[in-house]
Amino acid sequence: MRNILKLSASLLIIAAISGTILGIIYTVTKEPIAKRVKLEEEKALKAIFPKATSFNLTTGKDNYAYYEVYTKNKLIGYVIDASGEGFGGTIKIKVGMNLNKTIKAIRITSQNETPGLGTRVEGTKFTDQFMNKTLKQVLLKKDFSKGTIDALTGATISSRTVSEAVQKSMVEFLKIERKQK
């Protein structure tokens, strides 16, 4: 009985020390991580709309957030967020849309796919396929007859995740935009 109490007390002390250390590390790293995420996001926005002078984060109906993109106070497009579950976890994407509802460009902002396979979804060979595509065209050729996106060999799940996430986010954005008119 004494040994059980002694072991329990030891485990309690170790757990308390570990929890305290984790809490301190979280507090110290929280702000630098948030700054880095914001910088990466701004970098992605600028990569999609290099001539933009400002990006205004807007919250539409149903708390749907998106960026309105301006060049010298003239609206030139939108950037919406998309995400989906890939082979190695969540893939986060920024989708730039022109005013005519075609895709300007996409940028993968976060992914944990298999190195050398799924990570290739970040490459321009894959992402450039989305340029100037409409909602109905952004699906994989191998899944839909009207799809126009070629899946990457050995990375079909990642390719499918990106194309479906882009389409889903476009559907949501267009719904919100129609409600606001």
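Which helix does I25 lie in? I25 belongs to helix 1, the stretch covering residues 2-48. Keep in mind while you look around that this is a predicted model.

**View 1. The whole chain, end to end.**
Let's start with the full picture: the protein chain has 3 helices and 5 strands. Read from the N terminus, the elements go α-β-β-β-β-β-α-α. The C-alpha trace spans about 75 × 40 × 30 Å along its principal axes. The radius of gyration is 22 Å, while a compact globule of 181 residues would come out near 16 Å. Out of the 181 residues, 34% count as buried. The accessible surface adds up to about 11500 Å², and carbon and sulfur atoms own 58% of that.

**View 2. A nonpolar patch with I25 in it.**
Zoom in on I13, I17, I21 and I25, which make a nonpolar surface patch of about 380 Å². I25 has a relative accessible area of 46%, so this residue counts as partly exposed.

**View 3. Strands 1 and 2, side by side.**
Here strand 1 (residues 54-59) and strand 2 pair up in the antiparallel sense, with 6 bridges between them. One pair to look for is N56 with its bridge partner in strand 2, E68. The hairpin of these two strands has 5 residues between them, and D62 takes a positive phi near 60 degrees there. Strand 2, residues 65-71, is mostly covered, with 5 of its 7 residues buried.

**View 4. Strand 2 meets strand 3.**
Strand 2 also pairs with strand 3 (residues 74-85), again in the antiparallel sense, over 5 bridges. Look for V69, whose bridge partner in strand 3 is G77. In this hairpin there are 2 residues between the strands, and K72 takes a positive phi near 50 degrees.

**View 5. K94 and its charged partners.**
Side chains of opposite charge can pair when their charged atoms come close. In this view, the side chains of K94 and E41 form a salt bridge, at 3.6 Å from N to O. K94 sits in strand 4 (residues 90-98) and E41 in helix 1, so this pair ties together parts that are 53 residues apart in sequence. D81 forms a salt bridge with K94 as well, and there the closest N and O atoms are 2.4 Å apart. That pair links D81 in strand 3 to K94 in strand 4, 13 residues away along the chain. Put together, E41, D81 and K94 are linked in a network of salt bridges. Is K94 buried or exposed? Its relative accessibility is 4%, so K94 counts as buried. E41 is partly exposed at 25%, and D81 is partly exposed at 41%.

**View 6. Another salt bridge, K141 with D150.**
The closest N and O atoms of K141 and D150 are 3.2 Å apart in this salt bridge. K141 is partly exposed, with 45% relative accessibility, and D150 is partly exposed too, at 38%. The count for the model comes to 5 salt bridges.

**View 7. Two stops along helix 3.**
S158 lies in helix 3, which runs over residues 156-180. With a relative accessibility of 2%, S158 counts as buried. Leaving out residues up to four places away in sequence, S158 touches F87, I91, E113, G118 and V121. E172 is found in helix 3 too, and E172 is partly exposed, with a relative accessible area of 33%. What separates the C-alpha atoms of E172 and Y64? They are 8.6 Å apart, although the two residues are 108 residues apart along the chain.

Methods: Residues numbered from 1 in each chain as written. Predicted model: local features only at pLDDT ≥ 70, side-chain atom pairs only at ≥ 80, totals over all residues. Heavy atoms only, no water. Helix = DSSP H or I, 4+ residues; strand = E, 2+ residues; numbered from the N terminus. Buried < 20%, exposed > 50% of the residue type's maximum accessible area, 1.4 Å probe, protein only. Contact = heavy atoms within 4.5 Å. Pairing = 2+ DSSP bridges. Patch = residues over 30% accessible without salt bridge, like charges linked within 9 Å, V, L, I, M, F, W, Y side chains within 5 Å. Areas by Shrake-Rupley, 256 points an atom, 1.4 Å probe, with all protein chains shown as cover. Salt bridge = Lys/Arg side-chain N within 4 Å of Asp/Glu carboxyl O. Rg over C-alpha atoms; globule rule 2.2 N^0.38 Å.
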